[in-house]
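Here are a few exercises to work through with the viewer open. Try each one yourself before you read the solution.

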Amino acid sequence: QSQELSQVQIDYHAALQTLLEDGTRMVCTGRMHTDRICRFESLCYSTEAEEFIYFHSNSSVMLPNLGSRRFQPALLDLSSVEDHNTQYFNFVELPAAALKFMPKPVFVPDVALIANRFNPDNLMHVFHDDLLPIYYTMQQFTDLDPETRLFFMEGWSEGVHFDLYKLLSNKQPLLREQLKTLGRLLCFTKSYVGLSKITTWYQYGFVQPQGPKANILVSGNEIRQFTKFMMQKLNVSLEESSSEEYIVVFSRTINRLILNEAELILALAQEFQMKTITVSLEEHSFSDIVRLISNASMLVSMHGAQLVMSLFLPRGATVVELFPYAINPEHYTPYKTLATLPGMDLQYIAWQNTAREDTITYPDRPWDQGGIAHLDKAEQERIIKSTEVPRHLCCRNPEWLFRAYQDTKVDIPSLIHVIRQTVKSKPGTKKKWSGSLYPGKVRDARCQASVQGTSEARLSVSWQVPWNLKYLKVREVKYEVWIQEQGENTYMPYILSHQNHTFSENIKPFTIYLVWIRCIFNKNLLGPFADVLLCST
Ligand code: UDP
């Protein structure tokens with residue numbers, strides 16, 4: 001990977017002339033700052049002011065042209081974390097003529113993707129906030145090919161997982177600090193600013209307690225396309241015919257420990273008659289961990305960022321997440337949400353330590369490792385007595401940190417019991433794609449009415465199967481029919497197996513009915529309703 005910027009020779013004078021004459025050109029996607037990504041030509045950056053610069057000229061373009069709304073609160077989010085007030089992007093505006101009085105611009109010839117990493121020292125944040133969003137932002141814009149140069153503007157140093165960021169493109173990513181060494185005024189020939197949030201599944205609790213995002217838009221398929229790419233880059237091959245089945249215990253070695261890990265490993269091995277191995281970020285290379293997890297039948301770990309590695313588990317595998325005392329598993333679900341994304345095809349099991357005598361607390365540690373000695377005595381006592389951390393906002397709640405950094409002696413029988421409620425025989429993996437496809441609309445829907453006397457009527461409705469059914473293997477095909485009297489808010493719903501039905505219950509003569517029909521595959525794959533049928537009795 002090349003550190004220096006220029007591989008493409010650019011004609012400096014031509015580039016400068018273009019900048020002076022054309023200024024900056026910006027066209028963005030998205031209606032709000034939270035869903036916006038902008039494409040720029042000739043976006044500049046002053047490494048002294050640490051500000052981006054938009055140069056106005058006769059040919060410059062700014063879409064959206066928000067006026068002062070550009071500051072309410074910002075043009076866009078520079079990280080994938082929604083509306084975080086430390087992650088906003090904006091630029092200052094200057095007339096292109098001001099260039100005459102400014103340092104000589106240094107042109108960046110590579111197509112740039114400019115963004116913020118959110119927390120590059122935490123593996124969950126690395127994958128969820130940065131790697132997946134960068135990967136899919138690059139998929140969204142064809143200019144962002146493997147020769148893209150990534151610019152990380154959050155101001156952190158490389159961090160412990162920088163090698164992972166390097167896998168995303170063929171060029172060395174550059175950090176904000178490094179820009180100073182390139183020049184005082186940098187001008188990006190072509191750049192994209194911002195990250196797609198389409199793959200994120202979790203909100204960390206900045207405005208409401210943490211939990212799954214309200215509208216998750218990613219499925220296991222896209223996650224697995226990304227992990228496939230990462231594994232290729234890491235030179236980890238998917239073993240098609242994995243010889244032996246095994247369980248992986250992902251351990252932490254610094255804090256939030258499993259105190260009886262050896263006993264746990266023996267118990268798992270014995271219960272499931274499988275080899276059981278441990279890995280940790282401290283003792284294994286990243287590639288080794290990926291290689292081991294990608295063929296494992298079960299992954300067992302304390303709650304914590306290392307569990308994001310379940311991304312690499314094969315379909316059908318089981319994730320077992322262990323929670324320390326007083327931490328309600330339902331309140332901290334980044335890994336549960338991941339494991340249960342549609343199409344991830346993982347089984348998820350949470351176990352919580354409910355025995356106070358099995359937990360070791362560290363009240364005297366620094367506050368950021370869960371110490372509570374800095375709090376007043378009454379508050380310390382309340383926390384120590386409490387049996388559950390109440391819901392809270394991110395990120396410095398002392399009671400949460402205190403409980404999160406406890407060590408745990410795992411009660412083996414209770415753990416085996418909860419695993420056995422889900423994993424009946426041997427934990428296993430399945431290599432097959434189990435994608436679910438939705439029905440199309442039913443076709444040629446018709447109705448025929450008949451009136452019997454003054455108070456009774458019948459409605460015969462028929463339709464054809466959805467057009468895509470003939471190309472699919474579907475276990476069960478059913479139809480849902482809603483009959484709604486015109487002008488009424490309620491309707492009568494029916495689930496039917498055949499393509500026609502005569503309705504006589506509650507059907508009145510000389511009335512107009514609206515009939516809604518949709519197809520359902522395999523009980524839960526609901527198709528779209530066909531155009532409503534108007535039927536007069
Ligand atoms: N970490 C680790 N071993 C430890 C403690 C932490 O590998 O004993 C890793 C952890 O997986 C994460 C980073 O260090 O990637 C920061 O851990 P922290 O406890 O701050 O975050 P959490 O795991 O609670 O998200």
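**Exercise 1. How many helices and strands are there in the protein chain?**

Keep in mind that this is a predicted model. Start with the secondary structure: the protein chain has 11 helices and 28 strands. Next, get the dimensions from the C-alpha trace, which spans about 95 × 70 × 55 Å along its principal axes. Finally, look at burial: 51% of the 537 residues of the protein chain count as buried.

**Exercise 2. Work out where the ligand sits and what surrounds it.**

Step one is the site: the ligand sits in the largest pocket. Step two is the shell. There are 14 residues around the ligand, and Arg252, Ile254, Glu282, Ala305 and Tyr405 come nearest. Sorted by class, that shell has five nonpolar, five polar and four charged residues.

Step three is the polar atoms. Using a cut-off of 3.5 Å between N or O atoms, you can pick out these pairs:

- Leu123 brings a backbone N or O atom to 3.0 Å from an oxygen atom of the ligand.
- Arg256 has a side-chain N or O atom 2.9 Å from an oxygen atom of the ligand.
- Gln306 has a side-chain N or O atom 3.0 Å from an oxygen atom of the ligand.

Step four is the area: on its own the ligand exposes 510 Å², and the protein buries 79% of that.

**Exercise 3. Track down two cis peptide bonds and place each one in the fold.**

First, the background: most peptide bonds are trans. Now scan omega. One hit is the bond joining Leu63 and Pro64, which is cis with omega at about 10°. Pro64 lies in the loop between β4 (61-63) and β5 (76-77). Another hit runs from Cys394 to Cys395, a cis bond with omega near 0°. Cys395 belongs to the loop between α9 (377-385) and α10 (398-404).

**Exercise 4. Compare the settings of Ser42 and Phe510: which is buried and which is exposed?**

Begin with phi, bearing in mind that most residues other than glycine have a negative value. Ser42 has a positive phi of about 60°, and for Phe510 phi is near 55°, also positive. Then check the location. Ser42 is part of strand β2 (residues 37-46), while Phe510 is in the loop between β25 (500-503) and β26 (512-521).

Last, apply the cut-offs: under 20% relative accessible area is buried, over 50% is exposed. Ser42 has 13%, so Ser42 is buried. Phe510 has 67%, so Phe510 counts as exposed.

**Exercise 5. Which side chain makes a polar contact of 2.9 Å with that of Arg315?**

Place the residue before you go looking for partners: Arg315 is in the loop between β16 (298-302) and β17. Its relative accessible area is 12%, so Arg315 counts as buried. Now the partners. The side chain you're after belongs to Asp345, joined to the side chain of Arg315 by that 2.9 Å contact. There's also a backbone partner: the oxygen of Gly343 is 2.7 Å from a polar side-chain atom of Arg315.

**Exercise 6. How far apart in sequence and in space are Val319 and Ile419?**

Locate Val319 to begin with: you'll find Val319 in strand β17 (residues 318-323). Val319 is buried, because its relative accessibility is 0%. Then take the pair. Val319 and Ile419 are 100 residues apart in sequence, and their C-alpha atoms are 9.7 Å apart in space. For another pair, try Arg315 and Asp145: 170 residues apart in sequence and 29 Å from C-alpha to C-alpha.

Definitions and conventions: Residues are numbered from 1 along each chain as its sequence is written. This is a predicted model: local features need pLDDT of at least 70, side-chain atom pairs count only at pLDDT 80 or more; totals for chains, interfaces and linings use all residues. Side-chain values use heavy atoms; hydrogens and water are left out. A residue is near a molecule or strand if one of its heavy atoms lies within 4 Å of it. A polar contact is a pair of N or O atoms within 3.5 Å; within protein, one must be able to donate a hydrogen and the other to accept it, and residues adjacent in sequence count only if both atoms are side-chain atoms. Accessible areas come from the Shrake-Rupley method with a 1.4 Å probe; for residues, only the protein chains shown count as cover. On a 1 Å grid over the protein atoms alone, a cavity is a set of points where a 1.4 Å probe fits but cannot get out, and a pocket is an open set with protein on both sides within 12 Å along at least five of seven lines; lining residues have an atom within 4 Å of a point. A molecule sits in a cavity or pocket if more than half of its atoms lie within 2 Å of its grid points. Ala, Val, Leu, Ile, Met, Phe, Trp, Tyr, Cys and Pro count as nonpolar, Asp, Glu, Lys and Arg as charged, and the others, Gly among them, as polar. Helices (H or I, at least four residues) and strands (E, at least two) are DSSP runs, numbered from the N terminus. Buried means under 20% relative accessible area, exposed over 50%, partly exposed in between (1.4 Å probe, protein chains only).
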